[in-house]
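Here are my notes on the structure you asked me to look over, written as numbered points. Please keep the sequence and the model open beside them as you read.

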Amino acid sequence: MAETEREAMEYDVVIVGAGPAGLSAAIRLKQLDADINVVVLEKGSEVGAHILSGAVLDPCGLDALIPDWKEKGAPLNVPVREDNFYMLGEAGKIRVPNWPMPPLMNNHGNYIVSMGNVCRWMAEQAEELGVEIFPGMACSELVFDDKGGIKGVVAGEFGKEADGRHGANYEPGMELHGKYVFLSEGVRGSLSKEVIARYDLSQGHEPQKFGIGMKEIWEIDPAKHREGTVTHTMGWPLGGNAGGGSFIYHLENNQVYVGFVVHLNYKNPYLFPYMEFQRFKHHPMVADLLKGGKRVAYGARAISEGGYQSMPKMVAPGVALLGCSVGMVNVPRIKGNHNAMLSGKAAAEAAHAAIAAGRAGDELSAYEDEVRTGAIGRDLKKVRNVKPFWSKWGLMPSLVLGGFDMWTNTLGFSLFGTQKHGKTDADATEEASKHQPIEYPKPDGTLSFDRLTNVAFSFTNHEESQPAHLQLKDPSVPVQVNLPKYAGPAARYCPAGVYEFVEEAGKDTKFVINFQNCVHCKTCDIKDPSQNITWVTPQGGDGPNYPNM
Ligand SMILES: Cc1cc2nc3c(=O)[nH]c(=O)nc-3n(C[C@H](O)[C@H](O)[C@H](O)COP(=O)(O)OP(=O)(O)OC[C@H]3O[C@@H](n4cnc5c(N)ncnc54)[C@H](O)[C@@H]3O)c2cc1C
Ligand code: SF4
């Protein structure tokens, strides 16, 4: 096929992704130099449409970026007033006191926010400074210079037919070139994954680890609503089957965020993360809270969990990876937004200095130095052993050892050095023959819902005539390998019910990809045991339309 010809536009810095990392970078660049040309490209139909976070926000990133955020009307309206932590059994709960926890676990001074709304507000701040922001623009390809460095991206290609041919309304999109390209795509970014592989950026670092986070927004009985209350749970229903736990945050307007995270290094391929979440809501503590309320939104997104030892090299010629494209979540705190913002600020400062010195297209090593040795590195280093302890020894030992290690790290030392994660999450999956199927109760339609009903509350939508954006390296693997060996885990790990094994009498089993339902969580790209699924961008504007996630 002839090479597609595209128009090109030149910028100083091209930023992929309008999350907290990308928007912070854009804002900081313009604060440093009003004349610098900055563009932000976002695949969601609007800024915030694809943002899903808990979220309890540590405002330290925003304080550093926009110290007068309060006067400027940032939507941080609900300070955390109460912090609860419970160990759940099937019917009961034990409250874990706050006093043995290291101070870094305390949510005092933090805010319950919608990160979607925080990003919408940040986009307004960026536009006031003169940043160009284009939502509905999926960045689908990298553009290389003649020395093999990255000089830009392709964005806004529309109108391909299902077989990949150009349809009647085909638009080739544009090339956006920059002296530097920032990839702030969030966890498991599709272009970031390509860059990490191409420049071997993971060499010498531990594999990245992930969890799948699912979240519902509920409107509850005002009599039960306690604005500012934060509750975390561990234990039931996951037990020893997987690491993870829940979060329940009371925000404003009688709304509550109810969420559940399952670590993706689980071994038993019969585990069904979505059904664990649904079952969790039937615990008496949660059921009492939600009874009489209604679920108004649903979504899911992977969360990076590898932390300090899993951060790959984050710069290559012409390109820098920001925020969760690197993986900057502090796992025991379940917080990454502050580090995403700080990384955006650091990348902007490095690029600004480089451009001012007449440089372009080289490695922004000053950015990487700042991330590893500055506030982000210090934040992540203190908690680096919690996740590997959990993976190796399970919940209780990890609470004791991890808690002890966080305390000693707060005092400046560790008895355990830096623990390794070992396997990738895909490799952690064991063969079905070693495990028993897990029986899950049927959703009752009031507290718990089947996936398709819930997906309707993510307001996701994909133009059906385009090629599926879930690409199989080998189309025979799902039925010939993953089904007999791993009992077809794609039918369970996807929180949107995209994958189905369809059996019809007298015919071969078919693997069906209902890509229209995809909520862009990236779990399939991470957890497929054969690493046979690649998530690529669908047309811009497609995907979930989250309200205040
Ligand atoms: C369930 C869950 C709960 C969490 N709870 C908390 C919490 O309470 N507090 C906290 O601080 N952190 C929390 N986190 C972590 C936090 O959400 C992340 O650390 C943060 O979102 C990272 O920000 P980012 O800017 O790197 O990426 P993101 O917020 O993911 O933003 C990336 C943006 O880039 C866009 N994009 C991606 N690829 C492309 C492309 N190729 N072209 C165009 N656009 C693209 C996406 O649509 C998205 O808008 C949670 C995460 C999850 C999943
Ligand atoms: S298809 Fe993949 S990315 Fe889409 S919702 Fe399912 S697991 Fe997530």
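1. I begin with one residue, Lys473, which touches Asn532 and Thr534 once residues up to four places away in sequence are set aside. Please keep in mind throughout that this is a predicted model. Lys473 sits in the loop between β21 (470–472) and α14 (477–486). Is Lys473 buried or exposed? A residue counts as exposed if 12 or fewer other C-beta atoms lie within 10 Å of its own, and Lys473 has 11 such neighbours, so Lys473 is classed as exposed. From C-alpha to C-alpha, Lys473 is 27 Å from His435, although the two are 38 residues apart in sequence.

2. Another loop residue to look at is Pro437, which is found between α12 (425–428) and α13 (451–455). Pro437 has 12 C-beta neighbours inside 10 Å and therefore counts as exposed. If you trace the chain between Pro437 and Ile220, you pass over a separation of 217 residues, and the C-alpha atoms of these two residues are 34 Å apart.

3. For the protein as a whole, you should be able to find 16 helices and 24 strands. The C-alpha atoms fill a box of roughly 65 × 65 × 45 Å along the principal axes. How does the radius of gyration of the protein agree with that of a compact globule? A compact globule of 549 residues would have a value near 24 Å, and the protein has 22 Å, which agrees. Buried residues make up 52% of the 549 residues, and among the contacts with a separation of 6 or more, 77% are between residues 24 or more positions apart.

4. The domain assignment divides the protein into domain 1, which is made of the segments 7–70, 116–205 and 312–381, and domain 2, which covers 386–418. Taken over C-alpha atoms, the centres of domain 1 and domain 2 are separated by 32 Å.

5. Strand β1 (residues 7–16) deserves a careful look, since you can follow its pairing with two other strands. With β13 (residues 174–183), β1 runs parallel and is joined by 9 bridges, and Tyr11 has Gly178 in β13 as its bridge partner. With β2, β1 also runs parallel, here through 4 bridges, and Val13 stands opposite Val38 of β2.

6. An open sheet of 3 strands, in the order β3-β7-β4, is paired in an antiparallel manner. Why is one side of β3 and of β4 (78–79) left without a neighbour in the sheet? Both stand at the edges, each with a single partner strand, so one side of each has no neighbour there. Between β3 and β7 (residues 111–112) there are 2 bridges, and Val56 is paired with Ile112 of β7.

7. Further along the chain, β22 (residues 499–502) and β23 run antiparallel and are joined by 4 bridges, with Tyr499 having Ile513 in β23 as its bridge partner. The side chains along β23 (residues 510–513) alternate, so that Phe511 and Ile513 point to one face and are buried, whereas Lys510 and Val512 point to the other face and are not buried.

8. Ligand 1 is surrounded by 43 residues, the closest of which are Gly19, Gly186, Gly213, Gly323 and Gly336. Among the elements that give two or more residues to this shell are α1 (20–32), β2 (38–42), β14 (210–219), β18 (294–304) and α7 (337–356). By class, the shell around ligand 1 has 19 nonpolar, 18 polar and 6 charged residues.

9. Helix α4 (190–198) is also one of the elements that give two or more residues to the shell around ligand 1. In α4, the residues Ser190, Leu191, Ser192, Lys193, Val195 and Ile196 are buried, and α4 is followed by Asp200, whose phi is positive, near 50°.

10. My last point concerns ligand 2, around which there are 13 residues. The closest of these 13 residues are Cys494, Val498, Cys518, Cys521 and Cys524. The shell around ligand 2 divides into 10 nonpolar residues, 2 polar residues and 1 charged residue.

Key:
Residues numbered from 1 in each chain as written. Chains lettered and ligands numbered in written order. Predicted model: local features only at pLDDT ≥ 70, side-chain atom pairs only at ≥ 80, totals over all residues. Near = placed C-beta within 6 Å. Nonpolar A, V, L, I, M, F, W, Y, C, P; charged D, E, K, R; others polar. Buried ≥ 20, exposed ≤ 12 C-beta atoms within 10 Å, placed from the backbone. Pairing = 2+ DSSP bridges. Rg over C-alpha atoms; globule rule 2.2 N^0.38 Å. Contact = placed C-beta atoms within 7 Å. Domains from an automatic or database assignment.
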